[in-house]
Amino acid sequence: MTDLWHELLVTEENEKLAAFQRKADRIAFLIVASDYERIDVEIEKAELREECARQFPDKLELYDMIYESRFQRLWEQFRD
């Protein structure tokens, strides 16, 4: 693999991760600073988890540990 090809792959992966993180941050915002109903937040979370399964299938367990617990903690802190 050439250095240029490797750099393109790394850049593409970083862009996917950044887009994924922006979506996760949006869900956190919806929980903390919006009046979205719980069902709507749950739909957003399910879509993000599906995206993780498609783009990063080997990271799904990590997603559950990090993001699901983060969203739950935020909900308890700001909504309950």
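Me: Ala, Val, Leu, Ile, Met, Phe, Trp, Tyr, Cys and Pro count as nonpolar, Asp, Glu, Lys and Arg as charged, and the others, Gly among them, as polar. So how does the lining of the largest cavity divide by class?

Reply: This is a predicted model, where local features need pLDDT of at least 70, side-chain atom pairs count only at pLDDT 80 or more, and totals for chains, interfaces and linings use all residues. Numbering runs from 1 along each chain as its sequence is written, and side-chain values use heavy atoms, with hydrogens and water left out. The lining has four nonpolar, one polar and three charged residues. Arg38, Glu42 and Lys45 are in that lining, and they count as charged because Arg, Glu and Lys are on the charged list.

Me: Why is it called a cavity?

Reply: Because on a 1 Å grid over the protein atoms alone, a 1.4 Å probe fits there but cannot get out. The whole structure has one cavity of 30 Å³ or more, and the largest has a volume of about 30 Å³.

Me: What makes Trp75 a lining residue there?

Reply: An atom within 4 Å of a cavity point. Ile31, Val41, Phe71 and Gln72 are also among the lining residues. α2 (38–55) and α3 each give two or more residues, with the largest share, four, from α2.

Me: And why is the other space a pocket?

Reply: Because a pocket is an open set with protein on both sides within 12 Å along at least five of seven lines. The largest pocket holds about 180 Å³. Its lining includes Phe20, Cys52, Phe56 and Tyr63; α3 gives the most, four residues, and the lining divides into eight nonpolar, one polar and one charged.

Note on methods: Points joined across faces, edges and corners; volume = space filled by probe spheres on them.
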